[in-house]
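Open the model in your viewer and keep the sequence panel visible. The stops below can be selected one after another.

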Amino acid sequence: MKIQVFSAEQQGVGAFDGGKFLEQRAISFPGEKTAVDRVGSLFYWAWGKASEVSEIGMHPHKAFEIVTYVIDGLVEHQDSLGSLETVTNGGAQVIQAGSGVYHSEAFRRASSEAMQIWFEPHLSETVKKPAAYHQYEHEKFSTLHNGGTTMKTVIGGDSPIKLDTDVNMYDWSLEPGSEFSYTLTPSRPLAFLVIRGQGTSEIAAEKLQAWSHKDFGIVQATTEGEALHLRADSDQGLRIIAIEVPEDSGYTLYHK
């Protein structure tokens, strides 16, 4: 198993609306020099929080599939398709930008926290499709509880979100002292952000990797059957947002 860990200082940063909304960019836009350019079709990943009510004004998108996942608070979406919707804790907004769309985002509650993630489908194909917007409340997603672990499938499996890009996305919460294992596939790297607490993962029988709040990691199996074993800190617990994509998308990716 191969594990790479990147601290917050090795990631990118962003600011909007005069600094009212600040974000940590695990994977930044082209031209922004950070430790990780992309992970397969995972093109961009920002995790932000609003210090007060704030807004990112109308701006264009084309061809990419863009997911806004709300960790906490109230996020409003408005677009050139005529959509005006809000979503709260655990909900998701999905833009399949297709031939082109304009949208804005507003954080209608102080301390609203969300992620915006860009997935790269086969751009020369998706750019020919009409743009679309879909919204999903937290209750629409499959959530399993096992001991002290809560496992929510955001994309993939029986999730209501259906993308052209091949993606699995999860929201894992481990209570203090609890453990969880996820079986890896050698051809599918797993990228994740620690958004709460701290813990450890087992690399080999006698070696542990520590994970702390704001760490960004990429984990990849080197042989079949390897599993990522996570254990939450006995005091704080652990919450991770994890995204798995194929190492080879099967089409040419945009050069960043």
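A salt bridge here is a side-chain nitrogen of Lys or Arg within 4 Å of a carboxyl oxygen of Asp or Glu. The model is a predicted one, in which local features need pLDDT of at least 70 and side-chain atom pairs count only at pLDDT 80 or more, while totals for chains, interfaces and linings use all residues. Residues are numbered from 1 along each chain as its sequence is written, and side-chain values use heavy atoms, with hydrogens and water left out.

**Salt bridges**

Select Glu76 and Arg108: they form a salt bridge whose closest N and O atoms are 3.0 Å apart. Glu76 lies in strand S7 (residues 74-79) and Arg108 in the loop between S10 and S11, so the pair ties together parts that are 32 residues apart in sequence. Strands are DSSP runs of E with at least two residues, numbered from the N terminus. Glu76 is buried at 18% relative accessible area, and Arg108 is partly exposed at 36%. Buried means under 20% relative accessible area and exposed over 50%, with partly exposed in between (1.4 Å probe, protein chains only).

Next, select Glu244 and Arg188, whose side chains meet in a salt bridge (2.9 Å, N to O). Glu244 lies in strand S21 (residues 238-244) and Arg188 in the loop between S16 and strand S17 (190-204), so this pair ties together parts that are 56 residues apart in sequence. Glu244 counts as buried at 3% relative accessibility, as does Arg188 at 13%.

**The sheets**

Select the open sheet with the order S5-S10-S7-S8, which has 4 strands and antiparallel pairing. Two strands pair if DSSP finds at least two bridges between them. S5 (54-61) and S8 (84-88) stand at the edges with a single partner strand each, so one side of each is left without a neighbour in the sheet. Between S5 and S10 (residues 101-107) there are 6 bridges; Glu55 stands opposite Ala106 in S10.

Move on to the open sheet of 7 strands, ordered S2-S3-S4-S11-S6-S9-S12 and paired antiparallel. Within this sheet, select Thr68, which stands opposite Gln116 in S11.

**Strand S16 and the cores**

Now select S16 (residues 179-183). Which residues point to one face and are buried? They are Phe180 and Tyr182, while Glu179, Ser181 and Thr183 point to the other face and are not buried. Across in S20, Leu228 is the bridge partner of Tyr182.

Finish with the largest nonpolar core, which has 32 residues, Trp45 and Phe216 being among those with the most contacts inside it. A second, separate core of 21 residues includes Tyr182 and Leu230. A nonpolar core is a set of buried Ala, Val, Leu, Ile, Met, Phe, Trp, Tyr and Cys residues joined through side-chain atoms within 4.5 Å.
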